[in-house]
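Colleague: I am new to this structure and would love a close look at one part of it. Could you walk me through the largest pocket, and then show me how the surroundings fit together?

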Amino acid sequence: MAITDKIYLKNHREIVSQLDVNIPKGAFKGATMDVLYSGEGLSKVDAATRDRLLDFAKDFLDPENPDDLYTGYPERQFVTYLLELRAQGLGPDAIVDVMGDEYMLYAYPGDVLSFLDDAVRTLEAVETLSNVEGNAEMESKAREAKRALSG
């Protein structure tokens, strides 16, 4: 299960109440994104919620090619965001706090930790395969990225 399947709207009940329509808790669920980011959906929520939703839309739902929106673009952008937060030295609890503050999103710190651990294991595999293939440049890049995520 991808980390983006474990990212939830932080005030889900309040948002559902304001919209007067039921939507899934998952921030990256199609129905959630369709309702929240339509003009009508945004107009029904309070100003603070609208601002956070617009920030989310600007940062994760605005590809150069509009067709990319339906090919996993938002999820890839969000994964990059999580990895950048970790590279800045934030731990899982702090990452969850930042997501909540910036976008009104929530995740369980254990899910974030598992995602980060999987990312480090993937980079270890890339580093090892690059060594076997004699690709010193890729091996070095993977090692540096692994160090950034490991802290």
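Modeller: Happily! The largest pocket holds about 200 Å³ of space; please keep in mind that this is a predicted model. Its lining is made up of Gly30, Met33, Asp34, Tyr37, Leu61, Leu69, Tyr70, Pro74 and Glu75. Sorted by character, the lining has 6 nonpolar residues, 1 polar and 2 charged. Which elements supply these residues? Helix 2 (30-36) and helix 5 each bring at least two of them, and helix 2 gives the most, with 3 residues.

Since helix 2 matters to your pocket, let us stay with it for a moment. Thr32 also lies in helix 2. Is Thr32 buried or exposed? Thr32 has a relative accessible area of 0%, so it counts as buried. Its side chain reaches the backbone oxygen of Gly26 at 3.0 Å. Leaving aside residues up to four places away in sequence, Thr32 touches Leu9, Ile23, Pro24, Gly26 and Ala27.

Now step back along the chain to the loop between helix 1 (12-19) and helix 2, where you will find Asp20. Asp20 has a phi near 60°, a positive value in a residue other than glycine. Most residues other than glycine have a negative phi. With a relative accessibility of 71%, Asp20 is exposed, because that value is over the 50% cut-off.

A second residue makes a good partner for Asp20. Met104 sits in the loop between helix 6 and strand 2 (105-106), and its phi, too, is near 60°, positive in a residue other than glycine. Here the setting is buried, because the relative accessibility of Met104 is 7%, under the 20% cut-off.

Beyond strand 2 you can look at helix 7, which covers residues 109-133. How far apart should its ends be? At 1.5 Å a residue, the 25 residues of helix 7 should span 36 Å, and the end C-alpha atoms are indeed 36 Å apart, so the two values agree. Along this helix, Val112, Phe115, Leu116, Ala119, Val120, Leu123, Glu127 and Ser130 are buried. An α-helix has 3.6 residues a turn, so residues three or four places apart point the same way. What covers the buried residues of helix 7? The cover includes helix 5 (73-87), helix 6 (92-103) and helix 8 (136-150). Helix 5 is thus a link back to your pocket, as it supplies at least two residues of that lining. Just after helix 7 comes Gly134, with a positive phi of about 75°.

Finally, here is the whole chain, to place these parts. The protein chain has 8 helices and 2 strands, and their order along the sequence is β-α-α-α-α-α-α-β-α-α. Along its principal axes, the C-alpha trace spans about 55 × 35 × 25 Å. Of the 151 residues, 36% count as buried; Thr32 is one of the buried residues, and Met104 is another. Among contacts with a separation of 6 or more, 45% join residues 24 or more positions apart.

Note on methods: Residues numbered from 1 in each chain as written. Predicted model: local features only at pLDDT ≥ 70, side-chain atom pairs only at ≥ 80, totals over all residues. Heavy atoms only, no water. Helix = DSSP H or I, 4+ residues; strand = E, 2+ residues; numbered from the N terminus. Expected span 1.5 Å × (residues − 1). Buried < 20%, exposed > 50% of the residue type's maximum accessible area, 1.4 Å probe, protein only. Contact = heavy atoms within 4.5 Å. 1 Å grid on protein atoms, 1.4 Å probe; cavity = no way out; pocket = protein on both sides within 12 Å on 5 of 7 lines; lining within 4 Å. Points joined across faces, edges and corners; volume = space filled by probe spheres on them. Nonpolar A, V, L, I, M, F, W, Y, C, P; charged D, E, K, R; others polar. Polar contact = N/O pair within 3.5 Å; in protein donor to acceptor, adjacent residues only side chain to side chain.
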